[in-house]
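Dear colleague,

Please find below the structure that I am handing over to you. My notes on what was found in it follow.

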Amino acid sequence: MKKNYLSIFALITSPLLYSQVGINTANPKTTLDITAKSATGTSSSAEGILIPRVDRERAQSMTNIETSTLIYVNSIATGTQTGLTVNVDDVGYYYYNGTNWAKLNPSTATVPDNNIYNSDGTLTTNRIVTQGAHTLAFTGTAVNAFSVDGNTFSVSAADDKVGIGTASPSNKLHVVASTASAGKFNLFDAPEGTLDNVITGFRNTSSLATGNRSLIGFANNGPTAGGANWGIGSIRSGATLTNGNEEDFFVGNSTGGNYVERIRIKPDGSVGIGTSTPTNKLHITGTNPVRMEGITMGNSATDDIMVLDNTGIIKKIGSLGSLSIPTPTIFRLETLQTNFLSSAGAGVSQTIPMTLIKNAIPGLSYNQATSTITFPAGTYQITFVYEATHDAANCNISSYFIDFPLNSTSTRIHNTASHAIGGSSNHGGTITYATTIPANKTWQIYLGRGQSGNCSGPGMELRNLSTQLLIFRLGN
């Protein structure tokens, strides 16, 4: 009995001496320090702290409970889940939080207080969740079941929709931009790599059927619009092939009903306007289908003016030879030439300083400094018209020649003009020639004294305005 009294005395006086209580230790390090009797080895004696065990009814009926009191509820057969035991729904450890018994380390869906499941909180520093091979899933039924910063990112579990920039998405993916950056509201960047194609794909996964479409829609009348007013994308032209040969490009618009097709591009590059089955590179159908305004002449060196032949085929003006449509170029003598061919004998010629008035022949050019014409290849009719006066006292016939392109002195075109003997007299004529000229052939405009005629003395006056040169291109 003496030993027991000493133990009781030591237990009572120990707090007074050290303000700490030690069980199985003479040096307690905390207010209560319990050391296992056998910390190692294979001893079969039980170690630990045995928390008071009560049923739910006992926990419900307690009064004057200190906060942080710990109990173990070993039965919920008695008592109800209300009041102090509102959280007591299963056997386990509970602590008093000042209001009711809260579950400690719950193993069921009912959760304790002061955590993200039943109260808001503030993240005080960065956190990283390492999932490894484990998944992290959220389930819910609310419209805005999961969100980041309000409407920055929102997931609607009620109807399986995702919103970016909106907390109430109206489609599977609904993006709303508030401000533009560098003129763009949305931007898709492809990763750096070796490919030079950046593709955003849209695919219709329905069963293959002619007329199936996969379109991008555009509308300007706000988010309450019933649908896109314009749609562009792919349309099926058949229901068998999957290699792209039955995929046409489609452009259509709607004013309240189904899309009306406007443009169709076939896999071979044929474009149809007003037809879904173009048979040419550009196939336009409809009433009064084409109108062109403001067309200019363009670069005659490249023959880029377009015309229609008599079968409705568009051709370059350079191929008009097959149409036999004459195109003219007109030259005119602007300044009176005095003493022209003065004292010139037979076979002598003189350059005529013509001015280019109109040139409708693509590829024809004129050097006015030398009065030289350069021709593109083709068939031409050349007509020279002149008017002159003569003062020779002994002259009743004047003979003139022109060496047209491709002709030499042995094949001259002559003209003979008669006028009164003595005194002033007017005379003139027309010299015409037709020939085929190769490309880049040059020809100088001149008039020469012919083999016949008896004029002598001073030359004639070659009249301005009345002297002209007309060149017609008749075709190839």
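Does L32 count as buried, partly exposed or exposed? The model is a predicted one, and in it L32 counts as partly exposed because its relative accessibility is 47%, between the limits of 20% and 50%. L32 belongs to strand β2 (residues 32-34). Together with I23, I34 and I49, L32 makes a nonpolar surface patch of about 370 Å².

**Overall composition and confidence**

The protein has 476 residues, of which 25% are buried. Its secondary structure comprises two helices and 32 strands. The exposed area is about 30,900 Å², and 53% of this comes from carbon and sulfur atoms.

The mean pLDDT is 83, with 79% of the residues at 70 or more. Confidence is highest in strand β23 (residues 365-367), at 97, and lowest in helix α1 (residues 2-18), at a mean of 51. Over residues 107-112 pLDDT stays under 50, and the model has 12 contacts beyond four places in sequence for this segment. Where pLDDT is low, the predicted coordinates should not be read in detail.

**Nonpolar cores**

The largest nonpolar core holds 30 residues, and I373 and L469 have the most contacts inside it. Several strands each supply at least two of its residues, among them β24 (372-375), β28 (425-437) and β32 (468-475). Strand β25 gives the most, with five residues. Leaving aside residues up to four places away in sequence, I373 touches ten residues' worth of surroundings that include F331, Y366, W443, L469 and I471. Apart from this core lies another, of 11 residues, including I71, Y94, Y96 and W101.

**Salt bridges**

A search of the whole structure finds nine salt bridges. In one of them, the side chains of D89 and K103 meet at 2.6 Å, N to O. D89 lies in the loop between β4 (70-75) and β5 (92-96) and K103 in strand β6 (residues 101-103), so this pair ties together parts that are 14 residues apart in sequence. D89 is partly exposed, with a relative accessible area of 22%, whereas K103 is buried, at 6%.

K266 and D248 also form a salt bridge, at 2.9 Å, N to O. K266 is in the loop between β14 (260-265) and β15 (271-273), and D248 is in strand β13 (residues 247-253), 18 residues apart. D248 counts as buried because its relative accessibility is 2%, while K266 is partly exposed at 21%.

A further salt bridge joins R463 and E461, at 2.9 Å, N to O. R463 is partly exposed, with a relative accessible area of 26%, as is E461, with 28%. Finally, D248, E261, R264 and K266 are joined into one network by salt bridges that share partners.

With kind regards

How values were computed
Residues are numbered from 1 along each chain as its sequence is written. This is a predicted model: local features need pLDDT of at least 70, side-chain atom pairs count only at pLDDT 80 or more; totals for chains, interfaces and linings use all residues. Side-chain values use heavy atoms; hydrogens and water are left out. Patches are made of residues with over 30% relative accessible area and no salt bridge: like charges are joined within 9 Å, nonpolar side chains (Val, Leu, Ile, Met, Phe, Trp, Tyr) within 5 Å. Accessible areas come from the Shrake-Rupley method with a 1.4 Å probe; for residues, only the protein chains shown count as cover. A salt bridge is a side-chain nitrogen of Lys or Arg within 4 Å of a carboxyl oxygen of Asp or Glu. Helices (H or I, at least four residues) and strands (E, at least two) are DSSP runs, numbered from the N terminus. Buried means under 20% relative accessible area, exposed over 50%, partly exposed in between (1.4 Å probe, protein chains only). pLDDT is the predictor's confidence in each residue, from 0 to 100. Contact means heavy atoms within 4.5 Å. A nonpolar core is a set of buried Ala, Val, Leu, Ile, Met, Phe, Trp, Tyr and Cys residues joined through side-chain atoms within 4.5 Å.
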